[in-house]
Amino acid sequence: MALLHHTCSVPLASAIRSRALTISSRAAVTFPSVKKLPHADSHVLLGMSELELQQLAADLGQEKYRGKQLHHLLYKRKVKDIEDFSNLPQAFRSNLRDAGWRVGRSPVHHAVTSADGTVKLEDNRLVETVGIPVKDDKGSARLTACVSSQVGCPLRCSFCATGKGGFSRNLQRHEIIEQVLAIEELFQQRVTNVVFMGMGEPMLNLKAVLEAHQCLNKDVQIGQRMMTISTVGVPNTIKKLASHKLQSTLAVSLHAPNQKLRETIVPSAKSYPLHAIMKDCTDYFQETSRRVTFEYTLLAGVNDTVEHAIELAELLHEWGRGYHVNLIPFNPIEGSEYRRPYRKAVAAFEAALESHKITASVRQTRGLDASAACGQLRNEFQKSPLVPDNSDSSQPQPDIPLLC
Ligand code: SF4
């Protein structure tokens, strides 16, 4: 969920330190684009486990160790085309191609490097990914990939550029994974953290998100604790996610301390009341021993007063202890009625939470000049309106009753 929006941001202190990584010039690179992303393609190598690749090799009459080589080529050497699997026999490569297999990497359509080092990628249709380089407290470089899970988003949160842009379809497993690999390639650095907070609501595409998560963990080797799945709340999905007992962080975007206000900011809240979300978050902790974090976008004059902060603290205390809130000052987007809060208001909100024993951090969104910041992921290269692609009945459609 573009909550990601919420998390396409970095803690303030880290962001300041990361100025060492500043790229002073703005650069735009355009790669050849494809007409359309493939749908429901079962002949994609990216996303397959080593065991599955060994089985594939065996099915094509090869020794199983060829599957191990395939795994190495895909996830270590990150080769993009079967033609370039140069250490595999030509006959095997031909067999793969003749059987319709392909790696599953899309060409990058456009890459923008912003003045603060945040990079936005897009493939042809509308998937955007943000890479955020940050130096942590110990001085080591981290690179976070903020990945999309859908093409657009059907939930239409009132402050969100992605939501305003419409919805087309869910992404497939490999289309999520390849975003991480594209960021690595662009930065020439390993991705250390992944946040499912780009375009779309991950819980509306949970199967592909979980499969991508597994591949990123086991094959690309990014620790589960280095990954965050964000949601604005979709009924029954937090329970489902809990049953997988992941060690990753679940970030729930609240944006309001009460149901009435929340419904005005997050229309889908009407079908998933705040008390039900909080109950599911409490159960999530019981099931996984992982505490949920909360995201809260601060909108000037709407939800950013000290009274709102106190109400939020009381809500969280009602449902548990030790909760952490990430505060995200709203990023201005074209055509939005919302405004960015004053720094003083943000500081007062944070202080009110802290004084009520709720830890909070203010996140500074980066990449404003690349339109890659939180709430700004809308494909400016997408010229036609996004509508669900009903021509492909194999694509699961979002739960329409969730929409207001
Ligand atoms: S509309 Fe809401 S759920 Fe969808 S991407 Fe935007 S903030 Fe996330």
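The legends below describe several close-up views of a predicted model.

**Figure 1. Overview of the predicted chain and the confidence assigned to its parts.** The chain is built from 13 helices and 14 strands, and buried residues make up 49% of its 404 residues. Among contacts with a separation of 6 or more, 75% join residues that stand 24 or more positions apart in the chain. The mean pLDDT is 81, with 77% of the residues reaching 70 or more. Residues 1-39 have a pLDDT below 50, although this stretch has 124 contacts in the model beyond near neighbours in sequence. The pLDDT is likewise below 50 over residues 391-404, a stretch that has 22 contacts in the model when near neighbours in sequence are set aside.

**Figure 2. The largest nonpolar core and the surroundings of Val180.** This core comprises 97 residues, of which Val180, Val194, Leu216 and Leu353 touch the most other members. At least three of the core residues come from domain 1 (43-102), and at least three come from domain 2 (108-370). Once neighbours within four places in sequence are left aside, Val180 is in contact with Ala145, Val147, Val191, Val194, Leu216 and Val220. Two of these partners, Val194 and Leu216, are themselves named among the core residues that touch the most other members.

**Figure 3. Helix α3, with its buried and exposed residues.** Helix α3 runs over residues 50-59, and its buried residues are Leu53, Gln54, Leu56 and Ala57. These buried residues line one face of the helix, because they fall within an arc of 160 degrees when seen down the axis of α3. The elements that cover the buried residues of α3 include α4. On the face turned away from the buried side, α3 carries the exposed residues Leu51 and Asp59. Just after the helix, Gly61 takes a positive phi of about 80 degrees.

**Figure 4. Helix α13 and the residue Lys357 that comes just after it.** Helix α13 has 13 residues (343-355) and reaches 18 Å from its first C-alpha to its last, which is close to the 18 Å expected at 1.5 Å a residue. Within this helix, Phe349, Ala352 and Leu353 are buried. They lie on the same side of α13, because they cover an arc of only 100 degrees around the axis. Leu353 is also among the residues that touch the most other members of the largest nonpolar core. The face of α13 turned away from its buried side carries the exposed residues Arg343, Lys344 and Ser355. Just after α13, Lys357 takes a positive phi of about 65 degrees.

**Figure 5. Ile310 of helix α12 and its contacts with Ala352 and His356.** Ile310 has its place in helix α12, and with 17 other C-beta atoms within 10 Å it is partly exposed. Although Ile310 and Ala352 are 42 residues apart along the chain, their C-alpha atoms are separated by 6.3 Å. Not counting residues up to four places away in sequence, Ile310 touches Ala352 and His356. Of these two partners, Ala352 is one of the buried residues of α13.

**Figure 6. Gly320 in the loop between α12 and β13.** Gly320 is placed in the loop that joins α12 (306-319) to β13 (324-329). Because 14 other C-beta atoms lie within 10 Å, Gly320 is partly exposed. Gly320 and Cys281 are 39 residues apart in sequence, while the distance between them in space is 9.3 Å, C-alpha to C-alpha. With neighbours within four places in sequence left aside, Gly320 is in contact with Thr282 and Phe285.

**Figure 7. Two loop residues other than glycine with positive phi, Lys78 and Ser289.** Lys78 is found in the loop between α4 (65-75) and α5 (90-98), where its phi is near 55 degrees. Lys78 counts as partly exposed, because it has 16 C-beta neighbours inside 10 Å. Ser289 lies in the loop between α11 (274-288) and β12 (293-298), and its phi is near 60 degrees. Ser289 counts as exposed, because it has 9 C-beta neighbours inside 10 Å, and 12 or fewer within that distance is the cut-off for an exposed residue.

Conventions
Residues numbered from 1 in each chain as written. Predicted model: local features only at pLDDT ≥ 70, side-chain atom pairs only at ≥ 80, totals over all residues. Helix = DSSP H or I, 4+ residues; strand = E, 2+ residues; numbered from the N terminus. Buried ≥ 20, exposed ≤ 12 C-beta atoms within 10 Å, placed from the backbone. Contact = placed C-beta atoms within 7 Å. Core = buried A, V, L, I, M, F, W, Y, C linked by C-beta atoms within 7 Å. Domains from an automatic or database assignment. Expected span 1.5 Å × (residues − 1). Arc of directions from axis to C-beta. pLDDT = per-residue confidence, 0-100.
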